[in-house]
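Here is a briefing on one protein model and its ligand. Keep the sequence and the 3D view open as you read.

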Amino acid sequence: MEEEGRGGGEEYLFKIVVIGDSAVGKSNLLSRFARDEFDHNSKATIGVEFQTQVVELDGKEIKAQVWDTAGQERFRAVTSAYYRGAVGALIVYDISRKITFESVKRWLEELNTHCDTTVAKMLVGNKCDLENIREVSVDEGKALAEEEGLFFIETSALDSTNVKKAFEIVIREIYDKVSRRIL
Ligand code: GDP
Ligand code: MG
């Protein structure tokens, strides 16, 4: 028993899915989070991929298994296997392309048909470095997040703004829910 609280014993593996329209920066958010890399000529590979990142929370080791649609979303063919077992989701749009923001509700609907409503959800307005060509205001993002009961953050995979923070907030929320046996 005593060993338990010292980091031994319990194992946490959280599956987190990243969804949103093509080219909003999902793959780059993931590579920034997992490897601190930005890919300037990212190729939209077809097929599902995930990366596992270990995060420490309250002295516990948590494995965040983050899934990337890797191109499936272009054909609106994200499979149910992609969503299966997810406990967290990042719904990403591009602040410089309004159309990707308008798709958020559809992505949420899809998420809700495949996952339990208790999934920890974060609305992510990516490419906040593109302030000069912004099409979606911070307030619009906030308002949608409030309406849909999501966390909200703006990020830049390019200059690293808030990327770690976005994942950490979701992971913290999942951890809290798991601790309270909501998830
Ligand atoms: P995905 O299709 O959602 O996986 O998007 P990608 O990660 O492949 O990125 C699509 C394009 O947007 C690429 O040309 C990236 O270089 C670019 N991109 C991704 N994130 C950012 C960002 O934060 N800022 C800017 N300016 N460009 C980005
Ligand atoms: Mg991609």
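**Leu57 and the overall picture**

Leu57 counts as partly exposed because it has 15 C-beta neighbours inside 10 Å. The model is predicted. The protein has six helices and six strands. A ligand sits in a shell of 17 residues.

**Around Leu57**

- Leu57 belongs to strand β2.
- Setting aside neighbours within four places in sequence, Leu57 is in contact with Ile62, Ile171, Arg172 and Tyr175.
- Leu57 and Glu168 are 111 residues apart along the chain, yet their C-alpha atoms are separated by 9.2 Å.

**Overall fold**

- Along the sequence, the elements run β-α-β-β-α-β-α-α-β-α-β-α.
- The radius of gyration is 16 Å, close to the 16 Å that the globule rule gives for 183 residues, so the protein is as compact as a globular protein of that length.
- The C-alpha trace spans about 55 × 35 × 30 Å along its principal axes.
- Of the 183 residues, 39% are buried.
- Take the contacts between residues at least 6 apart in sequence: 71% of them join residues at least 24 apart.

**Ligand shell**

- Which residues are closest to ligand 1? They are Gly25, Lys26, Ser27, Asn28 and Leu158.
- Helix α1, residues 26-35, gives the most to this shell, with three residues.
- By class, the shell holds eight polar, six nonpolar and three charged residues.

**Helix α1**

- Helix α1 is mostly covered, with seven of its ten residues buried.
- The buried residues in α1 are Lys26, Ser27, Asn28, Leu29, Leu30, Arg32 and Phe33.
- Lys26, Ser27 and Asn28 thus appear twice: they are buried in α1, and they are among the residues closest to ligand 1.
- What do the buried residues of α1 pack against? Their partners are five strands and a helix by name: β1, β2 (49-57), β3, β4, β5 (120-126) and α6.
- Asp36 follows α1 and has a positive phi, near 55 degrees.

**Strand β1 and its partners**

- Strand β1 covers residues 12-19, and six of its eight residues are buried, so the rest of the structure largely encloses it.
- With strand β3 (residues 60-68), β1 pairs in the parallel sense over seven bridges.
- With strand β4 (residues 88-94), β1 also pairs in the parallel sense, over four bridges.
- Ile16 has a partner in each of these strands: Val66 stands opposite Ile16 in β3, and Gly88 is the bridge partner of Ile16 in β4.

**Nonpolar core**

- The largest nonpolar core has 47 residues.
- Which members touch the most other members? They are Ile16, Val17, Val18, Ala89, Leu90, Ile91 and Val170.
- Helix α6, residues 163-179, gives the most to this core, with seven residues.
- Val170 touches Ile16, Gly88, Leu90, Ala120 and Met122, not counting residues up to four places away in sequence.
- Ile16 and Gly88, bridge partners across β1 and β4, are thus both touched by Val170.

**Phe167 in helix α6**

- Phe167 lies in helix α6.
- Is Phe167 buried or exposed? Phe167 counts as buried because it has 27 C-beta neighbours inside 10 Å.
- Beyond its neighbours within four places in sequence, Phe167 is in contact with Phe33 and Ala64.
- Phe33 is itself one of the buried residues of α1.
- Asp139 is 28 residues from Phe167 along the chain, and their C-alpha atoms are separated by 21 Å.

**Positive phi in loops**

- Asp58 is not a glycine, although its phi is positive, about 50 degrees.
- Asp58 lies in the loop between β2 and β3.
- Asp58 counts as exposed because it has 9 C-beta neighbours inside 10 Å.
- Lys127 is another residue other than glycine with a positive phi, near 70 degrees.
- The loop between β5 and α5 (138-148) holds Lys127.
- Lys127 counts as buried, because it has 27 C-beta neighbours inside 10 Å.

Note on methods. Residues numbered from 1 in each chain as written. Chains lettered and ligands numbered in written order. Predicted model: local features only at pLDDT ≥ 70, side-chain atom pairs only at ≥ 80, totals over all residues. Near = placed C-beta within 6 Å. Helix = DSSP H or I, 4+ residues; strand = E, 2+ residues; numbered from the N terminus. Nonpolar A, V, L, I, M, F, W, Y, C, P; charged D, E, K, R; others polar. Core = buried A, V, L, I, M, F, W, Y, C linked by C-beta atoms within 7 Å. Buried ≥ 20, exposed ≤ 12 C-beta atoms within 10 Å, placed from the backbone. Contact = placed C-beta atoms within 7 Å. Rg over C-alpha atoms; globule rule 2.2 N^0.38 Å. Pairing = 2+ DSSP bridges.
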